[in-house]
Amino acid sequence: MKRPIISAVLPVKSNLEGLKKTVTHLRSIDPHRIEIIVVDGGGCEATKRWLMENQGHVAHIRSGQDQGIYSAMNYGKSCATGDWVWFAGAGDLPNASTWRDWINTANDNRQALNQDLQIFEVLLDENRERGVQGSYPARWDASMCWRNTTHHQGVLYRRQTIQAVHFDAQLKVLADYALHLKLWSNGTPAELHNATWAQVAPGGVSRKFTSSLYFEEWRFKRKTLKGWRLWAQPAWLLLKYTFKKSGVRR
């Protein structure tokens with residue numbers, strides 16, 4: 001049997017309905033060339049029971065207490081066998097037409113995709129939190145020094161590349177942003193696509209705009225950024241916090 005094209009890693013905790021939607025959507029796109037990996041943080045017997053009943057549709061399942069979402073993502077990627085790895089939350093929905101086109105292209109010529117990161121646009125659910133824009137186009141540039149403009153739901157990572165690095169599990173909210181900023185700062189190239197890859201469900205941990213979120217952002221930025229971009233961060237982060245708390249929707 002051929003290796004799958006995409007390994008979809010789904011961390012979940014107490015969101016069975018969202019998990020069902022994402023798994024069902026993935027299987028409707030391609031049940032053979034998409035490998036589904038579910039890392040359940042435990043605490044919900046209904047989720048555990050559903051996973052056991054559907055283990056024929058999920059390539060790898062782990063259910064039990066863990067150290068948080070980024071620990072779960074690290075574990076999930078270590079299990080991946082596909083050429084590419086995608087991380088999503090329960091309730092996030094892939095764009096079927098874009099996925100089918102991309103999978104067919106990758107299947108026909110697996111060597112044609114030269115860059116280790118493939119980045120697409122993501123849409124946010126209409127019920128998104130206030131202060132959150134409705135879409136994020138594909139970007140891989142200096143904008144990341146200021147805002148989280150590249151979301152993991154819009155990124156395909158070459159398996160060997162993502163398995164060689166780790167999400168910092170000591171960061172509770174922004175470890176994906178931290179990893180992207182580090183990869184960009186180190187000169188990791190990416191291919192940008194003018195197509196929508198997924199719609200992101202509301203309720204993500206990075207969209208609770210508390211002061212601790214911005215302290216966490218400062219923690220990793222001071223390790224990665226240099227020069228004026230670093231020293232401008234305290235004032236910038238305070239400005240961002242004030243703006244988000246004002247509840248302005250874009």
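The following paragraphs describe the nonpolar cores, two helix pairs and several individual residues of a predicted model.

The largest nonpolar core of the model contains 35 residues, of which Phe87, Leu117, Ile162, Phe167 and Phe220 touch the most other members. At least two residues of this core are supplied by each of strand 2 (34-40), helix 3 (69-79), strand 4 (84-87), strand 6 (117-124), strand 8 (155-158), helix 6 (175-185) and helix 7 (211-224). Helix 6 provides the largest share, six residues. A second core, separate from this one, has 29 residues, among them Ile29, Ala88, Ile103 and Leu113. In soluble globular proteins, nonpolar side chains tend to be buried together.

Leucine 117 is one of the residues with the most contacts to other members of the largest core. When neighbours within four places in sequence are left aside, leucine 117 is in contact with Trp140, with Val155, Leu156 and Tyr157, with Leu183, and with Thr188, Pro189, Ala190 and Glu191.

Helix 3, a contributor to the largest core, has as its buried residues Tyr70, Ala72, Met73, Asn74, Gly76, Lys77 and Cys79. The cover over these buried residues includes four strands, namely strand 1, strand 2, strand 3 (60-63) and strand 4, together with helix 5 (159-163) and helix 6.

Helix 6 also packs against helix 7, with an angle of about 15° and an axis separation of 10 Å. Angles under 35 degrees count as roughly parallel, so helix 6 is roughly parallel to helix 7. The two helices cross in a right-handed sense. On the helix 6 side the contact involves Tyr177, Ala178, Leu181, Lys182 and Ser185, which meet Glu217, Phe220, Lys221 and Thr224 of helix 7. By class, these residues comprise four nonpolar, two polar and three charged. Phe220, on the helix 7 side of the contact, is also among the residues that touch the most other members of the largest core.

Leucine 225 is located in the loop between helix 7 and helix 8 (227-231). With a relative accessible area of 6%, leucine 225 falls under the 20% limit and is therefore buried. Beyond its neighbours within four places in sequence, leucine 225 contacts Cys145, Leu181, Leu230 and Gln233. Of these partners, Cys145 is 80 residues away in sequence, while the two C-alpha atoms are 7.6 Å apart. Leu181 belongs to the helix 6 side of the contact with helix 7.

A second helix pair is formed by helix 1 (16-29) and helix 4 (residues 96-108), which pack at an angle of about 45° with their axes 10 Å apart. This angle makes helix 1 oblique to helix 4, and the crossing is right-handed. Leu26, Ser28 and Ile29 of helix 1 meet Ala96, Trp99 and Arg100 of helix 4. The residues of this contact are four nonpolar, one polar and one charged. Ile29 is also a member of the second core.

Two further loop residues were examined. Serine 14 lies between strand 1 (6-12) and helix 1, and its phi is near 55°, a positive value in a residue other than glycine. Proline 137 occupies the loop between strand 7 (135-136) and strand 8. Its relative accessible area of 44% makes proline 137 partly exposed. Apart from residues up to four places away in sequence, proline 137 touches Glu121 and Thr149. The C-alpha atom of proline 137 is 6.5 Å from that of valine 122, a residue 15 positions away along the chain.

Terms used
Residues are numbered from 1 along each chain as its sequence is written. This is a predicted model: local features need pLDDT of at least 70, side-chain atom pairs count only at pLDDT 80 or more; totals for chains, interfaces and linings use all residues. Side-chain values use heavy atoms; hydrogens and water are left out. A nonpolar core is a set of buried Ala, Val, Leu, Ile, Met, Phe, Trp, Tyr and Cys residues joined through side-chain atoms within 4.5 Å. Buried means under 20% relative accessible area, exposed over 50%, partly exposed in between (1.4 Å probe, protein chains only). Contact means heavy atoms within 4.5 Å. Axes are lines fitted to C-alpha atoms, for helices over the stretch in contact, and angles run from 0 to 180 degrees between N-to-C directions. Angles under 35 degrees count as roughly parallel, over 145 as roughly antiparallel, 65 to 115 as roughly perpendicular and the rest as oblique. A crossing is left-handed if the near helix is turned anticlockwise from the far one by less than a right angle, and right-handed if clockwise. Ala, Val, Leu, Ile, Met, Phe, Trp, Tyr, Cys and Pro count as nonpolar, Asp, Glu, Lys and Arg as charged, and the others, Gly among them, as polar.
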